[in-house]
Amino acid sequence: TSNKTRYLSHSSLFLDRKEWADLEPVPQDDGPNPVVKIAYSEKFTDVFDMFRALLQNDEKSERAFALTTEAIDLNAANYTVWHYRRVLLQALDKDLREEMKYITAIIEDQPKNYQVWHHRRMVVEWLNDPSEELQFVAEILSQDAKNYHAWQHRQWVMQEYKLWDGELEYVEELLEEDVRNNSAWNQRHFVINHTSGYSDSSILDREVQYTLKQIKKAPHNESAWNYLNGILQDGGLSSFPGLLEQVTELQDTCSSPYLTAFLVDLYEDALETNSSSYDQQEMFNKALELCKFLAEEKDTIRREYWNYVSRSLQNTYGSGDPVSASSDPPPPPSSSQLPDMEPSDP
Amino acid sequence: MEEASPPLRCFSESHSSELFSDDGVQTVTSREQRKVERSIQEVYSVYQQIHTSSQPTLLREQHYHYLKKGLRHLSDAYECLDASRPWLCYWILHSLELLEEPVPAAVASDVCQFLARCQSPTGGFSGGPCQHAHLAPTYAAVNALCILGTEEAYKVINREKLLDFLYSVKQPDGSFVMHVGGEVDVRSAYCAASVASLTNIITPTLFDGTHNWILSCQNWEGGLGGVPGLEAHGGYTFCGTAALVILGKEHMLDLKTLLRWVTSRQMRFEGGFQGRCNKLVDGCYSFWQAGLLPLLHRALFKEGDSTLSVSSWMFERKALQEYILLCCQNPGGGLLDKPGKSRDFYHTCYCLSGLSIAQHFGNKDLHNELILGRDENRLLNVFIFLPSRHQLIQFTTSAQRRSPKRLNISTGCLFQFRQNLHQVQWTSH
């Protein structure tokens with residue numbers, strides 16, 4: 001017994017605390033022959049045995065709230081604990097400003113966890129106060145400029161509370177730091193989409209010129225090329241005045257597989273729209289030539305894809321015999337060949 | 001003495017021309033990329049020195065022991081996955097399945113009993129006994145039970161309650177939250193579609209609006225983000241696309257821009273896939289990204305595309321296999337993200353899944369194998385023309401060499417499962 005006393009006086013286990021003596025811990029029921037059995041530490045077992053007890057009794061108390069803090073510290077991905085904490089926050093009418101401080105610290109420590117960001121969102125909603133959010137997310141992004149959860153939270157805040165001011169400037173700052181930050185390019189698209197939109201030709205011009213400028217700085221930056229393509233999809237790459245000339249000009253100093261691919265896209269668009277501004281035969285020949293160049297030399301990792309594009313172009317715009325990847329096209333899977341495993345349309 | 005074998009792509013003279021060009025403008029992105037490329041180069045040069053002929057080997061024995069052990073016991077490093085234990089079951093069972101290692105009946109039964117303890121009284125499955133139901137462990141549990149494929153396994157699932165659970169997380173805009181009081185993203189639609197189709201509980205209204213919500217996740221890049229507005233990401237793109245295939249609505253995507261986006265995600269130097277543009281290679285994207293190519297192949301085929309390849313998915317299969325076999329294997333068993341990272345069961349599952357996709361092309365009539373290295377590297381071919389397990393057409397030459405019964409049992413049970421189901425009474429959901 002003296003050993004037990006010594007043990008107890010040093011124990012920080014909830015099991016041994018007198019304030020918890022009334023609660024019978026509930027061990028985890030993994031069954032007689034457990035699988036994927038985790039060798040929990042003594043502390044982990046202690047906290048979660050108590051948590052299960054609280055949950056079972058649906059206890060709504062300060063000590064329960066304190067326990068959720070411990071449980072989160074041991075496994076911040078336990079969404080059941082987070083849910084319970086939110087129930088307690090409301091039932092005990094806890095200070096949500098304090099909770100904001102808490103969740104701020106937790107996210108700083110574990111910024112790639114789903115539950116922590118969702119919890120923050122709930123608290124912001126309850127407080128109906130987004131005033132700290134953009135600065136907070138910027139803080140997290142300063143440590144990892146591509147944190148997906150952070151961007152998700154940022155977009156939610158902006159849309160929910162209509163906080164669009166200054167975001168384009170923020171995006172440009174990030175692109176100044178790292179022009180290859182694809183998340184920032186996405187945010188650029190997000191902001192413009194939700195504010196001015198791209199239909200205004202002065203906006204589209206501005207964006208095209210901005211992007212070309214970034215391309216010239218770093219021609220092998222795929223994000224910039226993708227953005228250029230993305231914003232011109234609706235209008236059509238071949239319809240944008242002077243673009244073909246501007247891009248062709250870049251070929252000497254700024255050539256890259258992305259430039260070549262962009263030209264293929266432009267030629268393809270010219271063919272698709274049957275644009276009278278371009279010689280259709282020339283577009284066709286050049287497109288095929290570049291597909292071959294990409295498949296065989298400049299972008300061989302995507303050989304299968306570029307060969308497919310080539311065959312598709314020949315099939316659609318070619319004047320010769322129908323093209324397929326072999327002399328015998330694959331038979332379509334008929335219902336007699338496949339067992340009845342197709343889902344019925346809802 | 002190893003036979004001479006075809007040279008590896010990564011040892012070719014011109015391979016160094018595929019290194020990242022930073023245009024003299026260094027940023028965090030380019031520095032990180034160059035770091036990874038250097039570590040991959042290191043792996044290649046060590047490999048060349050050790051092996052006189054290049055025959056990459058899948059470390060089957062080591063992976064098997066790692067998986068076998070993990071199915072029973074995990075160290076306290078796994079406390080962070082205490083709310084994801086059905087996932088551990090799924091990752092391990094699927095890996096064993098790909099390696100064609102049988103699960104002893106007693107173990108299978110134990111898994112069933114454990115997953116039964118993870119089933120919530122209100123329907124669906126949770127991350128562990130007494131936790132709340134969540135779509136991710138629900139997906140993992142249902143799919144794990146389907147891998148086991150026994151009567152006992154199918155009987156674990158309370159289908160009526162599962163339907164209640166799915167309705168309880170359904171949102172008016174067509175999306176699903178991951179759990180009651182939880183977050184929305186496109187993973188939830190895939191988890192819901194997968195389990196609902198597997199257990200045949202799809203009602204006329206369950207997926208109302210879901211396909212439109214998923215479609216709104218396709219962005220300017222051509223891929224899909226987690227929710228509308230977000231950056232295109234491999235994991236979310238797979239989930240959204242696969243969900244649409246299950247719902248029969250994949251043709252509504254802009255397939256051309258999606259195809260361009262996903263093929264662009266294969267890294268020219270490393271051979272593996274990145275999750276997002278200008279980010280780093282990761283072994284798990286061998287499945288999430290490369291797995292899109294069979295889905296797109298089928299979708300385009302259904303649209304009447306006659307120019308599709310008859311011999312290959314539209315990505316560099318050899319390069320992906322090289323990346324996985326040379327860079328993603330832990331010598332003690334298990335697979336991983338990239339050199340320098342620790343092994344885990346998630347990466348083991350998805351690296352092996354990606355390896356299988358790279359090795360096998362086609363369907364029953366048109367099957368093309370490209371096995372890098374020794375023949376023994378061949379994994380089970382789990383066709384993903386269709387993205388949900390019950391729709392997999394299992395085809396394996398090794399199963400045919402063994403008892404034909406095994407093939408029948410695994411696919412047969414799936415048929416039985418569908419046919420013996422009592423029709424769910426459509427209530428006023």
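User: Of the 429 residues of chain B, what percentage count as buried?

Analyst: Buried means under 20% relative accessible area, exposed over 50%, and partly exposed in between, with a 1.4 Å probe and protein chains only; in chain B, 66% of the 429 residues count as buried. This is a predicted model, in which local features need pLDDT of at least 70 and side-chain atom pairs count only at pLDDT 80 or more, whereas totals for chains, interfaces and linings use all residues. Residues are numbered from 1 along each chain as its sequence is written, chains are lettered from A and ligands numbered from 1 in the order in which they are written, and side-chain values use heavy atoms, with hydrogens and water left out.

User: How many disulfides does a search of the whole structure find?

Analyst: A disulfide is a covalent bond between the sulfur atoms of two cysteines, and the criterion here is a pair of cysteine sulfur atoms within 2.5 Å. The search finds zero over all chains. For Cys112(B), the closest cysteine sulfur is that of Cys89(B), at 9.8 Å, which is too far for a bond; Cys277(B) is also in no disulfide, the nearest cysteine sulfur, in Cys284(B), being 17 Å away. Cys112(B) is buried at 1% relative accessibility, and Cys277(B) is buried with a relative accessible area of 1%.

User: How many residues of H8(B) are buried?

Analyst: Helices (H or I, at least four residues) and strands (E, at least two) are DSSP runs, numbered from the N terminus. Chain B has 17 helices and three strands, and in H8(B) 13 of the 13 residues are buried. After H8(B) comes Asn200(B), with a positive phi near 55°.
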